Amino acid sequence: MWALIHHFISPQKYFRLATSLLPWFTALFILLFSYGLIDGLFIVPADYLQGDGFRIIYVHAPCAFLSLFIYSMMALAAFVHIVWRIKLAPLVVQHSATIGATFTFLSLVTGSLWGKPMWGTWWIWDARLTSQLILFFLYLAIIFLQSSLAQNANGKRALSIFVLVGFVDIPIIHYSVYWWNTLHQGASLKLFSPSSIDSSMIYPLLAMIVAFLLYYAIILFLHMRPEILTMMATAEVGKERK
Amino acid sequence: MIDYLKNIFYMGGYATYVFSAYGIVLIALFFLWFIPWRYWKKNGEKK
């Protein structure tokens with residue numbers, strides 16, 4: 001079983017699979033992103049309370065979702081690296097950190113742009129906003145630690161442990177709106193109960209979330225591609241020497 | 001037609017916030033794609 005898993009997540013297999021999926025993912029991303037953008041910005045009706053200002057949700061919610069999703073992926077890769085020492089795992093942690101930091105920053109900025117007209121302030125030390133800011137600092141810490149720690153195997157393992165410890169912030173961000181009285185609204189989309197957003201507004205939001213997930217997969221591969229090639233070339237040289 | 005466009009770009013008075021949010025996200029998405037793509041075009045394809 002483990003041999004099979006190792007076989008499928010080897011750099012060569014991943015590179016071949018990702019290269020063949022790249023044009024399909026890109027086409028699907030363009031399609032969903034265009035639909036979400038045009039529908040969300042110009043077609044869906046204005047909110048009864050927030051007017052057209054609510055349209056920021058179509059970029060804010062996917063950015064916020066992706067900031068949590070990417071950190072979860074990093075924690076999973078860190079766990080895989082510590083337990084099974086899969087070669088691709090540290091690369092996923094390394095390159096996801098920059099992408100995750102960007103989306104966390106975007107969620108904070110777009111949230112601020114939404115907060116000003118709705119709450120009357122750019123920023124408030126609310127539980128959701130503060131825990132999201134901590135996530136941004138966590139991403140920055142990982143980016144800075146990479147250059148000093150991740151030069152050898154022990155350093156990479158230490159970084160993976162740091163990523164796993166930081167994962168504690170993810171449930172705090174998600175449940176902050178339920179655990180504390182916050183100015184930030186609760187989740188608009190729920191998995192196991194009817195969502196609080198009208199169906200005419202939900203489809204572009206779902207399209208944007210899927211488009212952003214595809215975008216993450218595309219960008220992660222583009223960032224990792226040169227290093228995977230180097231990894232494959234080194235493995236080839238090693239084989240020839242043997 | 002002009003009134004329709006005016007309404008769209010006025011966004012009920014929220015245009016500055018809405019278009020700034022979309023603009024920042026679009027710029028960030030572009031650069032997140034462009035930087036590795038340019039690196040690949042310069043160095044990666046030779047490998």
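**Exercise 1.** In this predicted model, decide whether Val168(A) is buried or exposed.

*Solution.* Start with the value: Val168(A) has a relative accessible area of 55%. Next, take the cut-off: exposed means over 50%. Val168(A) is therefore exposed. Then place the residue in the chain. Val168(A) sits in a loop of chain A, between helix H6 (153-166) and helix H7 (169-179). Finally, look at the surface around it. Val168(A) helps to form a nonpolar surface patch of about 650 Å², together with Ile172(A), Tyr175(A), Tyr178(A), Trp179(A) and Trp180(A).

**Exercise 2.** Find which helix holds Thr104(A), and decide whether Thr104(A) is buried or exposed.

*Solution.* The helix is H4 of chain A, which covers residues 88-119. The relative accessible area of Thr104(A) is 0%. Buried means under 20%, so Thr104(A) is buried. Now list what touches Thr104(A), leaving out residues up to four places away in sequence: Ser67(A), Gln132(A), Leu135(A), Phe136(A) and Tyr139(A).

**Exercise 3.** Classify Leu32(A) by its relative accessibility, and name its contacts beyond four places in sequence.

*Solution.* Leu32(A) belongs to helix H2 of chain A, residues 11-43. Its relative accessibility is 22%. Partly exposed covers the range between the 20% and 50% cut-offs, so Leu32(A) counts as partly exposed. With neighbours within four places set aside, Leu32(A) is in contact with Ala207(A), Val210(A), Ala211(A) and Leu214(A). As a last step, take a distance: the C-alpha atoms of Leu32(A) and Tyr216(A) are separated by 14 Å, while the two residues are 184 residues apart along the chain.

Definitions and conventions:
Residues are numbered from 1 along each chain as its sequence is written. Chains are lettered from A and ligands numbered from 1 in the order in which they are written. This is a predicted model: local features need pLDDT of at least 70, side-chain atom pairs count only at pLDDT 80 or more; totals for chains, interfaces and linings use all residues. Side-chain values use heavy atoms; hydrogens and water are left out. Patches are made of residues with over 30% relative accessible area and no salt bridge: like charges are joined within 9 Å, nonpolar side chains (Val, Leu, Ile, Met, Phe, Trp, Tyr) within 5 Å. Accessible areas come from the Shrake-Rupley method with a 1.4 Å probe; for residues, only the protein chains shown count as cover. A salt bridge is a side-chain nitrogen of Lys or Arg within 4 Å of a carboxyl oxygen of Asp or Glu. Helices (H or I, at least four residues) and strands (E, at least two) are DSSP runs, numbered from the N terminus. Buried means under 20% relative accessible area, exposed over 50%, partly exposed in between (1.4 Å probe, protein chains only). Contact means heavy atoms within 4.5 Å.
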